[in-house]
Amino acid sequence: MSSTLSTLLVENRRYEPSAEFRSQANVSDARVYGEALGDPIGFWEAWAKQLDWFEPWTTQLEWKKPFARWFVGGRLNACHNCVDRHVANGLGSKVALIGEGEPGDVRAFTYAHVKDEVSKIANALKAMGVKKGDRVCIYMPMIPELPFTMLACARIGAAHSVVFGGFSSESLYERINDAGAKVVVTADGGWRRGNVVPLKKIADEALASGCPTVTKVLVYERIGEGAEFDRGNWTEGRDLRWSETVDTASTDCPCEPMDSEDLLYILYTSGSTGKPKGIMHTTGGYLTQVYATTQWVFDLKPDDVYWCTADCGWVTGHSYIVYGPMANAATAVVYEGTPDTPDKDRFWRVIEKHKVSILYTAPTAIRTFMKWGEEYPERCDLSSLRLLGSVGEPINPEAWVWYQETIGKGRCPVVDTWWQTETGAIMITPLPGITATKPGSATQPFPGIKAVVFDESGGDVTPVQGALGFYREHAPAQGPERGGILAITDPWPSMLRGIWGDQERYQNVYWSRFDDAYFPGDGTKVDEDGYFWLLGRIDDVMLVSGHNISTMEVESALVDHPAVAEAAVIGRAHEIKGQGISAFVILRAGSAPSPSGEEAVRLAAEIKEHVAKKIGAIARPDDLFFCAELPKTRSGKIMRRLLRDVAEGRALGDTTTLADPSVVAALKEKYESSES
Ligand code: WT7
């Protein structure tokens, strides 16, 4: 982290909101910070009142640490708020979603159309036996039917668990079983880089491993006839075709009144152990915060065309493709494929074609575009853009400035938004009509959010400072020399309600580090203006292209390969992905003691592929080193920090706690020779 930190320390550019932007912004008066700070619960309640409730709440917040209940006693339905109420309010003919497939097929759906589609899916799910409280696993490509299926679940009170279409059959299997899903909704395939991802076939493999709770599999015919690919096996009685089930269902399906605290969804994210955590989000508080943040952070207006490039397999897609924008009756673009198909200008073509005005993407994508060069965006008319967002990992100032200048032409505010699967919604972010931004800083907590920084000296937990703009005058003249640890002191509406099936782990992971605050696992620095500079994870979670992957998860996939005896994995700095995965592998005696030359290359490739097959391509190690030993402390703990130093080519840190310091020298030598 030290190199990131030093970059950040010299970063002192400031971008004030333009008078033009400010004058039209949804929020432009900085007093909102002070007001929300004075009465955070009232602040959120005012937002909640803008949603439709079937029954009002009786208590705003019940807080029994670490369990929060918001808008207790209230009843509402998320799908009603995202769809039906807009139709009822005369917005039925407004375009809700524009789906662009990778092959170039475009389909637009109005809110009225979405209501029909969602109702049909909901009726089909009901006919399959799905009831309120059941879980439905969704494993689909990024096409409009994915948000529709999520909303259909919400409509009937079933919780969805979306599994990213890039995950392997084993990851899918694990998630289906952990959630106890009754139905799996998938597609025959999805388009990616001109190829078909055979989703049904992968789902078949997962189900063949044993998913006793699954009774039906609903298959959307995305690819259809005419393409050659592996369609998996059709299991009569279990598998149902969308065209024969959904397309023939009735468009009449009432929204189930749900308790504010009823489960809306489970979404799996990696933790610092190998087992993914099923993060639970409920209805009222979640919808309130995604609704509010979409309106203020993206300055969303009725005429905007909004495009968040995330996949619905991640929380960004849940909160900022489906629930936040649709609760605001937005027009949103949903794009299926990759940014370089058929050419490296695809994103800019999408923006030009649909006149996208708000773009929300990830630093890893921005760095990729920088590498590809300016000729691609320059080919296209990007004048429709008026606001740019970033999410998923720290954005380096160079990428921030490139985004602002090359894509935003200096006209568009950039909002760097910090949040997590667990927080459900944006937590630290500029407000584009108010905040003077600094490249690389997510700036300040959203109004109503109380974030602080604790320092780590001597194991003491000491608050460094409150960091809201409101506190600016109390901030020390100089920020702490070293980064501290981010903490959130007060419950917020969209906070996770726990880990599915494991509330003890919830308590341990998030609520045991500090006495009285939520621990997100991120390092941060606060500067003299009270701005946060998020520095990445401080635990064993890597951020690869902005996605959480645990080192343990990859290590278990590695040792699952028959040739591997032991493995250590670290996230190392990576130019494009933010973090890349470096694996250090000890082979089993007898398999190939010390492979070299071609054999080493072949075996490394095979082991990497094994990880990709076990978890998904996103977890494939970028580099893999065979070594005879791993650096361990005397108590046997692998010293990942040292491995990171080796992989990032830094001078070695303190090795005095090492059982055998010579191990590191050997590793370093090996690493440096393999690099050349
Ligand atoms: C972790 C959460 C939020 C949706 C996508 C990722 C990192 C996220 C930022 C940012 C610095 C960021 C944090 C966080 N992160 N956004 N703007 N600046 N770091 O969700 O997979 O749950 O990952 O992503 O380390 O803890 P996630």
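What follows is an exchange about a predicted model with a bound ligand and two sheets.

Me: What makes aspartate 416 a polar contact of the ligand?
Reply: The cut-off for such a contact is 3.5 Å between N or O atoms. A side-chain N or O atom of aspartate 416 is 2.7 Å from a nitrogen atom of the ligand, so the pair is within the 3.5 Å limit.

Me: Which distances put arginine 537 and asparagine 548 in that category?
Reply: For arginine 537, a polar side-chain atom lies 2.9 Å from an oxygen atom of the ligand. For asparagine 548, the distance from a polar side-chain atom to a ligand oxygen is 3.3 Å. Both pairs therefore meet the 3.5 Å limit. As for the ligand's surface, it has 550 Å² of accessible area on its own, and the protein covers 97% of that.

Me: How many residues surround the ligand, and which elements supply at least two of them?
Reply: The shell has 19 residues, the closest being Asp416, Thr417, Thr421, Asp522 and Arg537. Helix H12 (315–327), strand S20 (414–417) and strand S25 (532–537) each supply at least two. By class, seven residues are nonpolar, seven polar and five charged.

Me: Why are S12 and S15 called edge strands?
Reply: Their sheet is open and has the order S12-S11-S8-S6-S7-S14-S15, with mixed pairing. Strand S12 (239–241) and strand S15 (277–282) each have a single partner strand, so one side of each lacks a neighbour in the sheet. From one strand to the next, the twist averages 25 degrees.

Me: How do you know that S7 and S14 pair?
Reply: Pairing requires at least two bridges. Strand S7 (residues 159–162) and strand S14 (residues 263–269) have two bridges, in the parallel sense, so the pair meets the requirement. Serine 161 stands opposite isoleucine 266 in S14.

Me: What makes S18 and S19 a pair in the other sheet?
Reply: That sheet is also open and mixed, with the order S5-S4-S17-S16-S18-S19-S20. Strand S18 (residues 358–361) and strand S19 (residues 387–391) run parallel over four bridges; the requirement is at least two, so they count as paired. Threonine 361 stands opposite serine 390 in S19.

Me: Which helices lie across strands of this sheet?
Reply: Helix H6 (residues 111–127) lies across strand S4 (95–100) and S5, at about 95 degrees to S5. H12 lies across S4, strand S16 (305–308), strand S17 (331–335), S18 and S19, and runs at about 160 degrees to S16. H12 also supplies at least two residues of the ligand shell.

Note on methods: Residues are numbered from 1 along each chain as its sequence is written. This is a predicted model: local features need pLDDT of at least 70, side-chain atom pairs count only at pLDDT 80 or more; totals for chains, interfaces and linings use all residues. Side-chain values use heavy atoms; hydrogens and water are left out. A residue is near a molecule or strand if one of its heavy atoms lies within 4 Å of it. A polar contact is a pair of N or O atoms within 3.5 Å; within protein, one must be able to donate a hydrogen and the other to accept it, and residues adjacent in sequence count only if both atoms are side-chain atoms. Accessible areas come from the Shrake-Rupley method with a 1.4 Å probe; for residues, only the protein chains shown count as cover. Ala, Val, Leu, Ile, Met, Phe, Trp, Tyr, Cys and Pro count as nonpolar, Asp, Glu, Lys and Arg as charged, and the others, Gly among them, as polar. Axes are lines fitted to C-alpha atoms, for helices over the stretch in contact, and angles run from 0 to 180 degrees between N-to-C directions. Contact means heavy atoms within 4.5 Å.
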